[in-house]
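Biologist: I have a structure open and want to learn how to read it. Where do we start?

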Amino acid sequence: MAATQDKLKVASFFSGGGLLDAGFTKLFDIIFANELNPQAALCYKHNIGNHIVVGDLTELDMDQIPWADLYIGGPPCTDFSSDGANEGVEGETGKLVWDYFRLIRYKKPTAFLMENVAGLAGFHKSTLRRLVRDYQKAGYLVTVGRMQAQDFGVPQSRDRIFIAGFLKEYGKRFIFPLPTQLRKTVRDAIEDLPLPDTGKTVAGTFPNHVASWTSPTPERLYDVIANPRNQRRGMRRLEWDKASPTITAHIAKDGREFLHPYFDRRLTVRECLRLQGLDDSFVIPSEVKMSQAYRLVGNGVAKPVADALAYALNSQIKKLVVQLDLFDLIAQ
Ligand SMILES: C[S@@+](CC[C@H](N)C(=O)[O-])C[C@H]1O[C@@H](n2cnc3c(N)ncnc32)[C@H](O)[C@@H]1O
């Protein structure tokens with residue numbers, strides 16, 4: 001492990017556009033990242049760093065992946081979500097939780113973090129139990145935490161499961177950060193934004209704040225306006241003084257868009273980024289297609305949640321080192 005005064009090293013997997021990693025850049029040294037989707041990786045490079053390797057995790061040579069104090073990753077969640085394929089570990093992407101597990105068992109970082117949807121603790125809780133048991137067998141003291149982004153000042157209801165482990169030899173478990181209780185609304189997040197561009201490019205005068213007039217189609221839009229109850233499935237209009245419903249990757253799809261609370265148009269990518277708690281210094285480069293931009297935002301971890309986890313992991317892992325140093329001193 002790194003000396004206590006140094007920044008701890010992180011390796012990141014299933015890194016997407018880098019929303020989780022954005023919480024770790026200040027306190028940690030991120031030395032490695034991996035992502036399958038080259039479009040998401042463009043966003044990662046722009047905001048986090050060039051260390052990202054584009055490719056399939058299952059095809060990487062584990063010996064080429066560097067050891068780090070902490071491994072973080074959010075394997076795809078569609079197979080654990082009732083809103084997605086929901087096929088669990090039998091699904092094409094569901095099984096990746098085991099690939100991530102095997103990597104951690106092989107590399108033995110001091111600590112690891114895995115993120116997924118709340119469905120992993122619900123319909124798919126047998127998988128969660130197996131994962132916890134197998135991480136324990138692999139030598140970790142494991143904690144499972146459920147974090148509601150709204151409790152951390154995110155203007156969005158976003159319920160997520162995290163599994164965290166510290167190597168058993170340190171004798172401590174990770175303690176999840178407590179909610180900050182700073183409740184925010186859609187109004188707090190997006191009301192001050194200027195009117196969006198209507199141009200074709202993603203990077204307009206206000207980055208990623210471009211309104212698409214083709215999606216949703218006028219017919220679908222009219223349906224929601226005329227029959228607000230139709231919002232329950234699919235397209236939804238946000239409410240100014242409430243938190244947003246969960247922003248998912250599906251909002252990229254026709255018929256699943258979220259509508260602005262006042263204007264008859266879908267949310268812009270910038271509005272979605274704000275609802276994920278990101279400030280406007282996080283920019284998705286114009287080479288990333290609009291649909292991919294929505295996807296990567298919907299796939300990401302809300303920034304204040306990532307911040308809280310990074311802070312807690314950094315201070316607790318550093319204490320593990322101090323504790324071990326003290327043991328060494330006493331033993332001498
Ligand atoms: C839930 S998202 C992670 C989002 C990320 N944690 C964030 O906060 O931005 C899962 C990511 O895993 C990627 N992925 C899917 N299959 C993969 C594979 N076989 N190898 C590497 N990455 C993969 C997807 O492209 C997606 O970006």
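**Reading the surface and the ligand site**

Modeller: Start at the surface, where Leu195, Tyr262 and Phe263 make a nonpolar patch of about 370 Å². Patch residues have over 30% relative accessible area and no salt bridge (a Lys or Arg side-chain nitrogen within 4 Å of an Asp or Glu carboxyl oxygen). Nonpolar side chains (Val, Leu, Ile, Met, Phe, Trp, Tyr) are joined within 5 Å, like charges within 9 Å. Areas follow the Shrake-Rupley method with a 1.4 Å probe, and for residues only the protein chains shown count as cover.

Biologist: What kind of model is this?

Modeller: This is a predicted model: local features need pLDDT of at least 70, side-chain atom pairs need 80 or more, and totals for chains, interfaces and linings use all residues. Numbering runs from 1 along each chain as its sequence is written, and side-chain values use heavy atoms, without hydrogens and water.

Biologist: Why does phenylalanine 263 count as partly exposed?

Modeller: Buried means under 20% relative accessible area, exposed over 50%, and partly exposed in between (1.4 Å probe, protein chains only). Phenylalanine 263 counts as partly exposed because its relative accessibility is 34%. In the protein, 54% of the 332 residues count as buried.

Biologist: Which polar contacts does the ligand make?

Modeller: Look for pairs of N or O atoms within 3.5 Å. A side-chain N or O atom of glutamate 35 is 2.5 Å from a ligand oxygen. Valine 301 has a backbone N or O atom 3.0 Å from an oxygen of the ligand. The protein buries 91% of the 600 Å² that the ligand exposes when taken alone.

Conventions: A polar contact is a pair of N or O atoms within 3.5 Å; within protein, one must be able to donate a hydrogen and the other to accept it, and residues adjacent in sequence count only if both atoms are side-chain atoms.
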